[in-house]
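Welcome, and thanks for taking a look at this one with me. Below are some numbered points to read alongside the model.

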Amino acid sequence: MSGPPPPYAEGRASGHGRVFQSAGDQHITEHHHAHHYAPGPGASLFAGAAAPGPGPDSVRVPLVGRAPAVLRDRADLMRRLRTAVGGDSGQIHVLHGMGGCGKTAVAHALFAEAVRDRARVGLWVNASERLSLRAGMLAVAADRGAGPGELAAAHSGQRAAADLVWHHLDHSAEPWLLVIDNADDPAILEEGGWLRASPRGTVLVTTRYATSRAWRGAVLHPVGVLPTEDAAQVLCDLAPHAGTPAAAEQVALRLGCLPLALTLAGSYLHHQLLESWSMDEYRNRLEADPTGLIDQGAALDSARPESRHLVSRTWQLSLDALADQGLPEATTLLRLLSCWSPDPLPLAVLSPASLGATGLLDAARVEPALRGLLDHSLATIVSAPGGFADTDGDQPVRCVQVHGVLLDSVASGTPADQRPALTEAAATLLEAALPADGGVGDGFVALLVPHAVRLLREGDVRTAERVVGLAVRLAERVHETGDYSAALALAQEAAGAAERVLGAEHRLTLSALQRAGRSLFRLGRIAESEEVHSRVLRVRERVLGPDDPDTLESCHGLQQPLFRLGRRAEALSLLRRAAEGLRSALGVEHPRALRSRAMLIEGLAVCKEEAEFDRTSPQTVEDCAQYLGCDHPTTLAARHTYAFGVSRFGRAEEAEPLARRALADRERIQGRAHPKTLAVTALLGYVTASLGRWGEAIQLTRRCIEARERALGPEHPFLVENYSELADYLARAGQTDEAERLAREAFPLCERILGPDHAATLRVRQVLAGD
């Protein structure tokens, strides 16, 4: 076992005033002293006074246990605080943040500098409780010259205690720095008039309470978690032989870069005797019991670690304070939040009406409970991008976010018999927040994905059907936004959870696999999509029957990869079966029936069934608009496929206005970079090329290629076809050099990805031949 590593050097500046510090196994501690203020021998605080009461042993020494070596990642915050201490402004400064983020460490570092380098008298008072605050402040008065009689009068109530303290602070012969540590109940400062500014010194308060009337006029400094690089270095310094910086970074990210958790993890890794885990082993074991494993680091560093030193208990201090303030609902709300991911959660999910309907909280108590969590730094409000990236301006979504370590510890401390009800409520709330099918402007649905994944991983048989059903619907909505990778990941997660808990042939398991197959197709993984859809169709036909709507849905899903694989007759047969069967089973107006009919328009065009196309397609477009609305995704698809079919039958002049309208609608509703918008862009390029307008065709196709390259990568089948089309248009426009260069680059891709006999491959070969 190696000895303690060398002290840290001060880290780089941070714009958010984050903190950490350590040397070896040393770390800041934040002791309660409310019940430990008995003076030592010969150290009576009020000499000559009757019944003086308990007081701290010292106000000149920070009550923080062993001192850390050097502060890390605090240059900007410390610079501002040094300026305050060195000036004559007499301001109050408040360090606020969640438990475990290192507020006391910043205060300790400033205290040491002020005493050592700035000729300031350092005074330290613990404000965790009224008794400790009062005793500490009266000890400050004694330090600044208050006599025994004055102290006795203040103690007996004959003189206002706070006035006495501030009288002597204001008339101190020496400048001072007063640290009021652990002021997590601002009311006790405000009620007693203990917090004031003075021209003779600077007051620094540490607190978890982010907002309070007591902080009026004070300079507020948020203290958060560490940057990833610094957090990883903390682990490397504490346990230098446990792993590489890259491995330490992964552990730091899993711990949310929270200083308390990093300290405990580093201490554990450094002090092991019988085992010698690596950083990677530690991270893997965190998944089983993160809170219990982290807290073992405190046991190695102290025989009786206090609540503030345990991630399983430090938050309880704030929850107990909220309960004392009449907000026990804050605990229930935090337990509910622990069912979700530490990623930003849209505030809309916590709608008072929806939450009240779950029976967990009274609707009128939701807002106060959330406000309490925010005030005590147990949660924060953040803005997350929620609109489509290519629309005019972002559409930020206001979200609540809770640190992952906090959520883990709250979840582990929640009684087991309460978890199912909490999980079901969490799923219900996500369902209520999910926009209705076919809704527009719902780009924020991606923000719900990590929370659904968390529910899938934490759920059990009692909540599995509800949670998996939610995940399948959410995957469909994410797919509609064009984020096919996220939709695939969620659908696969849902399928795995459903198979584990409900069985491989459960209806929901098959639905999740169906969703995965559709996203695989859009990602260009055609063979994989065909395999998944074929497997699901076989099981559904056997288990549900050939005419069940879900079985017919599988026919709809399978026809897409079959068309791309060249099995057109088989694909068209399945598509007709889906369209006719769903219409018969669900009715002409049902969205699923209309979606298959809209897809049938394209299938008829690909298979050159012009008579049936002309007979049925206009009515399908009209039915979609009538029953679903003009802006519904299926209506957009019907207009799109109709324009495609008209163009493929060689009626370019008729197709042009249809394609332009389809493109305008896609851009307006889904944005310029949505995959479906890019598909219409390519279609309009084809139409204008058919009309001999090569310049416009080239411009539209380039635009499609540039966007698809960013979103899909250069080897997506759709994109490879675009390369072939662009080379053809360039050649026909007389730009032969560029056409041949592009054709040479595209030819091997076309042969490998699309096949040697594909139309795109033949087109590129013609460009290279100069035909």
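1. A word on terms before we start: a residue is called buried when its relative accessible area is under 20%, exposed when that area is over 50%, and partly exposed in between. With that in hand, look at helix α26, where the buried residues are Glu612, Phe613, Ser617, Thr620, Val621, Asp623, Cys624 and Leu628. The elements that cover these buried residues include α24 (568–586), α25 (591–606) and α27 (633–648). Please keep in mind throughout that this is a predicted model.

2. Now the overall picture. The chain is built from 33 helices and 10 strands. It has 771 residues, and 55% of them count as buried. Taking the contacts in the chain with a separation of 6 or more, 71% are between residues 24 or more positions apart.

3. Back to α26, this time for its geometry. The helix runs over residues 610–628, and its 19 residues should span 27 Å at 1.5 Å a residue; the end C-alpha atoms are 26 Å apart, which agrees. Along the way, α26 bends by about 35° at Thr616, and the proline Pro618 follows within four residues. Just after the helix comes Gly629, with a positive phi of about 100°.

4. What lies just before α26? In the loop between α25 and α26 you will find Lys608. This residue has a positive phi of about 60° although it is not a glycine. Lys608 has a relative accessible area of 68%, so it counts as exposed, the cut-off being over 50%.

5. Helix α24 is one of the elements covering α26, and it deserves its own visit. Its 19 residues should span 27 Å at 1.5 Å a residue, which agrees with the 26 Å between its end C-alpha atoms. The buried residues here are Ala571, Leu572, Leu574, Leu575, Ala578, Ala579, Gly581 and Leu582. They pack against α22, α23 (549–564) and α25. Just after α24, Gly587 takes a positive phi of about 105°.

6. One of those packing partners, α22, covers residues 526–543 and holds Ala527. Is Ala527 buried or exposed? With a relative accessible area of 54%, Ala527 is exposed. Its C-alpha is 8.0 Å from that of Leu565, although the two are 38 residues apart in sequence.

7. For a helix with much of its length covered, turn to α31, residues 717–732. Its 16 residues reach 23 Å from the first C-alpha to the last, close to the 22 Å expected at 1.5 Å a residue. Of these 16 residues, 14 are buried, so α31 is largely enclosed by the rest of the structure. Just after α31, Gly734 takes a positive phi of about 90°.

8. Leu474, in helix α19 (residues 464–480), is a good residue to zoom in on. At 1% relative accessibility, Leu474 counts as buried. What does it touch, leaving aside residues up to four places away in sequence? The answer is Leu434, Val445, Leu448, Val449, Ala452 and Leu490. Leu474 and Leu430 are 44 residues apart in sequence, with their C-alpha atoms 9.2 Å apart in space.

9. Next, the second largest pocket, which has a volume of about 860 Å³. It is lined by 33 residues, and the closest to its centre are Arg254, Asp408, Arg454, Arg457 and Glu458. Two or more lining residues come from each of α8 (245–254), α11 (290–301), α16 (404–413), α17 (419–433) and α18 (449–458). By class, the lining has 11 nonpolar, 11 polar and 11 charged residues.

10. Helix α8, one of the elements that line this pocket, leads us to another spot worth checking. Cys257 sits in the loop between α8 and α9 (259–271), and has a positive phi of about 55° although it is not a glycine. Its relative accessible area is 5%, so Cys257 is buried.

11. Finally, a loop residue to set beside that one. Ala173 lies in the loop between α5 (161–170) and β5 (176–181). At 73% relative accessibility, it counts as exposed. The C-alpha atoms of Ala173 and Gly145 are separated by 9.6 Å, with their positions 28 residues apart along the chain.

Technical notes: Residues numbered from 1 in each chain as written. Predicted model: local features only at pLDDT ≥ 70, side-chain atom pairs only at ≥ 80, totals over all residues. Heavy atoms only, no water. 1 Å grid on protein atoms, 1.4 Å probe; cavity = no way out; pocket = protein on both sides within 12 Å on 5 of 7 lines; lining within 4 Å. Points joined across faces, edges and corners; volume = space filled by probe spheres on them. Nonpolar A, V, L, I, M, F, W, Y, C, P; charged D, E, K, R; others polar. Expected span 1.5 Å × (residues − 1). Bend = angle between axes of the 7 residues up to and from the residue. Buried < 20%, exposed > 50% of the residue type's maximum accessible area, 1.4 Å probe, protein only. Contact = heavy atoms within 4.5 Å.
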